Amino acid sequence: MVSETAIDLVKIELPVDEDSMTLTGDVTIGLVLVDIVNGFCTVGAGHLAPKVPDKQISRMVDESTQLARTFCEKKWPVFAFLDTHHPDVPEPPYPPHCIAGTDEANLVPALQWLENESNVTLRRKDCIDGFVGSFEKDGSNVFVDWVKKHQIEAVLVVGICTDICVLDFVCSALSARNRGHVTPLRDVIVYSGACATFDLPVHVARNIPGALAHPQELMQHVGLYMAKSRGAKVVSKVSFAASKKA
Ligand SMILES: [Zn+2]
């Protein structure tokens, strides 16, 4: 574990002020779920799954499930990425994971009901960055088309890993927005309570050839910091209220 002083120091030197947000539906908002699949979330499910129960990951799954339920009740648009790889196409620097056709590449049990919801778009991607992974061979982009179709003005992004797939997607979506490629998207919002990352403490990484240390709490913070530094909003609380227009 990283010493508390180290984490405190990073949080002092790289503060991330998190807002709270109330969703009324007056701004058209879409929920983006990043890779909440067994291969990253379910204990023992594969090379990149937690080896023992993990509080941060469990909380992420619970919070994301609650949010997805509310979005689906309101028939608001939901977009879910599922990391999925062909067995013959590696994804360095990672070991094989989320191979197509295995349970690793499926949504966690708590979210499997999403497959039957009419307001949900599922996108399998074989790429860390979901924005890039949304390109089709003809140059169209499934995420861009989803934003356009529903006239989405803000996306609320949750999932795993905060500093990897969530961050890369957020950065690309922001760059694309800045160049006018994702209209009418204005805001990219990361909800920290429904994001998680994996834990590979330095003393464990030291004994694995080639491994890079990845202490969970520190990297969660760094991921949120990087997202905010690129222009995302970071919120620690999301609530729902009736529309003011009604
Ligand atoms: Zn992958």
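Visitor: What phi does Gly231 take, just after helix 7?
Guide: In this predicted model, Gly231 takes a positive phi of about 115 degrees, and its place in the chain is just after helix 7.

Visitor: OK, and how many residues does helix 7 have?
Guide: Helix 7, residues 216-229, has 14 residues, and from its first C-alpha to its last it reaches 20 Å, which is close to the 20 Å expected at 1.5 Å a residue.

Visitor: Which residues of helix 7 are buried?
Guide: The buried residues of helix 7 are Gln216, Leu218, Met219, Gln220, His221, Gly223, Leu224 and Ala227.

Visitor: And what covers them?
Guide: The cover over the buried residues of helix 7 includes helix 1, helix 3 (55-73) and helix 5 (165-178), together with strand 6 (187-196) and strand 7 (233-240).

Visitor: Let's take helix 1, then: at what angle do the axes of helix 1 and helix 7 cross?
Guide: The axes of helix 1 (residues 4-13) and helix 7 come within 10 Å and cross at roughly 5 degrees, and because angles under 35 degrees count as roughly parallel, helix 1 is roughly parallel to helix 7.

Visitor: Which residues make that contact?
Guide: Helix 1 contributes Ile7, Val10 and Lys11, while helix 7 contributes Glu217, Leu218 and His221; the residues of this contact divide into 3 nonpolar, 1 polar and 2 charged.

Visitor: Changing topic, what does the UniProt annotation say about residues 31-201?
Guide: According to the UniProt annotation, from an unreviewed entry, residues 31-201 are covered by "domain: Isochorismatase-like". In the model, the end C-alpha atoms of residues 31-201 lie 31 Å apart, and the span is 27% helix and 19% strand.

Terms used
Residues numbered from 1 in each chain as written. Predicted model: local features only at pLDDT ≥ 70, side-chain atom pairs only at ≥ 80, totals over all residues. Axes fitted to C-alpha atoms, helices over the stretch in contact; angles between N-to-C directions. Helix = DSSP H or I, 4+ residues; strand = E, 2+ residues; numbered from the N terminus. Parallel < 35°, antiparallel > 145°, perpendicular 65-115°, else oblique. Contact = placed C-beta atoms within 7 Å. Nonpolar A, V, L, I, M, F, W, Y, C, P; charged D, E, K, R; others polar. UniProt positions renumbered as here; feature names shortened; annotations may be inferred. Expected span 1.5 Å × (residues − 1). Buried ≥ 20, exposed ≤ 12 C-beta atoms within 10 Å, placed from the backbone.
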